[in-house]
Amino acid sequence: MTEAPAAALETVDVTCVFQVSQGLLRGSKPLRAVNGVSLKIPRGQVVGLVGESGCGKSTMANILLGLQRPSSGDVLYAGNSAAGFSRREIARRIQPIFQDPYSSLNPTKTIESIVSQPLRIHSVGAPSEWSARVGEMLDVVGLPRRVASSYPSQLSGGQRQRVAIARALIMRPEVVICDEPTSALDVSVQSQILNLLQDLKEEFGLTYLLISHNLAVVQHMADRVAVMYLGRIVEEADSDTLFNDPRHPYTRALLGSVLTPDPRLGVPDTHLGAVFPNPIDPPPGCTFHPRCPDCMAICRSEPPRPASDGGHNTECHLYGGAP
Amino acid sequence: MSGTILEVENLSVDIPVAAGMLHPVRGIGFSVSRGETLCIVGESGCGKSLTSLAVMGLLPKTARRSADRMEFLGRDIRSLREREMARLRGGSMSMIFQEPMTSLNPSYTIGNQLAEVYLRHVEQSRAAARDRAVFLLEKVGISSAASRLGQYPHQLSGGQRQRVMIAMALMCGPELIIADEPTTALDVTIQAQILHLLAELQREFRMGMILITHDLGIVARVADKVQVMYAGKTVEEGPCETVFDAPMHPYTQGLLRCIPIPGRTQRGERLGSVPGIVPNLVGELSGCMFRNRCDYASDACAGMRDEPTRMGDGHAYTCLRAPEEISGEPQAAETP
Ligand SMILES: Nc1ncnc2c1ncn2[C@@H]1O[C@H](COP(=O)(O)OP(=O)(O)O)[C@@H](O)[C@H]1O
Ligand SMILES: Nc1ncnc2c1ncn2[C@@H]1O[C@H](COP(=O)(O)OP(=O)(O)O)[C@@H](O)[C@H]1O
Ligand code: SF4
Ligand SMILES: [Mg+2]
Ligand SMILES: [Mg+2]
């Protein structure tokens, strides 16, 4: 067997702690938004990252994009530590697409100016070529060239997301971090954007990290899926494995909550508790235990350790077994 | 007829805007019976929220409403004064909106807000109001309810706030609940929990419910009857199973083909799409407004009149294509 090539992007035991103010005179407390995450994003693959709001997905995205420095741990670009890369070098390799194309596009700038922005910031190529490159990118993402002189407010939500994709791709990145790229869109527009992302992946040989709270979207796009809960990856496996054999009780609840358009099924009972953890003061033991339908005595005191079974990693006492 | 709670016929809303007269709701009709859930579904901007606001008498000041009929519990509510409508709202007709933070007052405790609705509509003592608040908070799954009465909205999570909103909507024993995208801002597991809860409460109290959503998955799981809205009109309606098993309108069919479904759509396969966007509804409008996005449009569609094709058992759609042209088609047709 040949040695596996280095992942396009990888985090090694990354932790990100924010100091959160507790109000006047009460000082601040640490919040572990990301808590010891090791995640590999292999070249040419789509890795899905799912979990509820506040679990640390966007913080992961920002760390991978070099926009947020981790408190500890390392980010590797093609196997090399982030420490050796400048902002500009990272931006050439990795570009983001964010959820809300409304707030992530400057309303006072024309589409041409928005799409060419990365070229300007990183002084890529001659300014005389920028306009032509913008035109090419608009073709690639399926926008008419005449929108170059429009403003974001003159475009529909789907068109704005295409602009965000054009802006990301104009740098010819290797990896695109898509943070909830379709969450703000209607299904009719979502399907067009997902189809476009698939086409672009083929055309440019892209690697994606796809962050979404919609498991159906992730299942449709991703080769591998990581499920996050309160800053930890609690389960990770190949897409088919995860969907056919979900193990962590949280993953099972997430899957059970996907409401497929099946009129013969009702709304399932997730059997989850309604208690919500405070990320500043997370529950002891397994942080999921207050909501877990399978909670055992050990779960209340001991944090579960990761267990691996042929590439299917689960962090739960039900699968801990003996070391 | 005895089971019917709400009956609306030919409801329209017009709003003057800078560009002329906007016609966001153009002749909608529906009815809801006791214990029944009607889902109104469509893309954003198709007029769902304005339809519900029109029923509740909460339209923006500049909007004009007209209807051939609007009967709630046998009473014509078209001509009610604002004070009388206000008595209905929160009483026998209550609502749940998408963002509970905008409907809960941040400066009052949960207990005060729950009691206030009750005291305003039901003449009772504060103690009775408090008992009912505790009873309902427990019903909606809020633990140690009595001790929560003193909490403020910001001390609760989004899911808990939505539960409080539901408790508040139930305080006066409503006959009808109107829920506009009640779970859209919530995480999927919490969405499932809230919808499960709503369905249980509705069954238990035999309330009628109008649930407005853009999510066909939710519709399939909770609706008894479905009404698909496009550009201010109903383009298809019928019993839930029938509409999902045999959708007839190209818009309904198109929306259903856009959804990735674990186990049914394959990874990497292209999803269907409905290209284009909802048209501008300002000025004179005629014909089928879906024609600029429709794969089957012909010249005749520009002159289409609103004459629904009725399929029996309440299933109807408004499209020029004859049933025999449509029903033989494969459900998941390839898009070119
Ligand atoms: N700059 C910040 N300062 C303080 N807390 C933050 C900051 N950014 C994120 N957080 C907190 O970190 C946690 C994870 O946030 P985020 O990564 O945005 O989650 P997600 O994208 O999964 O919704 C949340 O509790 C959030 O409130
Ligand atoms: N107060 C208002 N003034 C002008 N236009 C409005 C107003 N409220 C809604 N609209 C317009 O009416 C149309 C229908 O809106 P709405 O009922 O909110 O749609 P939905 O709930 O289906 O997303 C939209 O085009 C919207 O922009
Ligand atoms: S460790 Fe225990 S509480 Fe945590 S998910 Fe597994 S069974 Fe549930
Ligand atoms: Mg996020
Ligand atoms: Mg709405």
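A polar contact, for our purposes, is a pair of N or O atoms within 3.5 Å. Keep that in your head, since we'll use it for two of the ligands today. And one caution before we start: what you see above is a predicted model.

Okay, ligand 1 first. Lys57(A) is a nice example of that idea: a polar atom in the side chain of Lys57(A) sits 2.9 Å from an oxygen atom of ligand 1. Thr59(A) also uses its side chain, with an N or O atom there 2.5 Å from an oxygen atom of the ligand. Cys55(A) does things with its backbone instead: a backbone N or O atom of Cys55(A) is 3.3 Å from an oxygen atom of ligand 1. If you want to find the surroundings on your screen, look for residues including Phe18(A), Leu31(A), Ala33(A), Glu52(A) and Pro279(A). The run from Ser53(A) through Gly54(A), Cys55(A), Gly56(A), Lys57(A) and Ser58(A) to Thr59(A) is part of that shell too.

Now hop over to chain B for ligand 2. How many residues surround ligand 2? There are 13, and the closest are Gly45(B), Gly47(B), Lys48(B), Ser49(B) and Leu50(B). Which atoms are involved? For Lys48(B), a backbone N or O atom lies 2.8 Å from an oxygen atom of ligand 2. Leu50(B) also comes in with a backbone N or O atom, at 2.8 Å from a ligand oxygen. Ser49(B) uses its side chain, where an N or O atom is 2.8 Å from an oxygen atom of ligand 2.

Ligand 3 takes us back to chain A. Around ligand 3 you'll find several cysteines and histidines, among them Cys286(A), Cys292(A), Cys299(A), Cys316(A), His248(A), His289(A) and His317(A). Pro249(A), Phe288(A), Asp294(A) and Leu318(A) are there as well. Sorted by class, that shell has seven nonpolar, three polar and one charged residues.

Right, last part: three helices in chain B. They are H4(B), residues 110–121, H5(B), residues 126–139, and H7(B), residues 158–170. Let's take them in pairs.

Start with H4(B) and H7(B). Their axes are 9 Å apart, at an angle of about 25 degrees. Because angles under 35 degrees count as roughly parallel, H4(B) is roughly parallel to H7(B). On the H4(B) side the contact uses Ile110(B), Gln113(B), Leu114(B) and Val117(B), and on the H7(B) side Val164(B), Ala167(B) and Met168(B). By class that's six nonpolar, one polar and no charged residues.

Next, H5(B) against H7(B). The axes come within 9 Å and cross at roughly 130 degrees, so H5(B) is oblique to H7(B). The crossing is right-handed. Arg132(B), Leu136(B) and Leu137(B) from H5(B) meet Val164(B), Ala167(B) and Leu170(B) from H7(B). Here the count is five nonpolar, no polar and one charged.

And finally H4(B) with H5(B). What is the angle between their axes? Roughly 115 degrees, with the axes coming within 9 Å. H4(B) passes H5(B) in a right-handed crossing. The contact takes in, among others, Tyr118(B) and Leu119(B) from H4(B), and Arg126(B) and Ala133(B) from H5(B). The residues here split into nine nonpolar, one polar and two charged.

If you trace one thing afterwards, try Val164(B): it meets H5(B) and is also part of the contact with H4(B). Thanks, that's me done!

Notes
Residues numbered from 1 in each chain as written. Chains lettered and ligands numbered in written order. Predicted model: local features only at pLDDT ≥ 70, side-chain atom pairs only at ≥ 80, totals over all residues. Heavy atoms only, no water. Axes fitted to C-alpha atoms, helices over the stretch in contact; angles between N-to-C directions. Helix = DSSP H or I, 4+ residues; strand = E, 2+ residues; numbered from the N terminus. Parallel < 35°, antiparallel > 145°, perpendicular 65-115°, else oblique. Left-handed = near helix turned anticlockwise from the far one by under 90°. Contact = heavy atoms within 4.5 Å. Nonpolar A, V, L, I, M, F, W, Y, C, P; charged D, E, K, R; others polar. Near = heavy atom within 4 Å. Polar contact = N/O pair within 3.5 Å; in protein donor to acceptor, adjacent residues only side chain to side chain.
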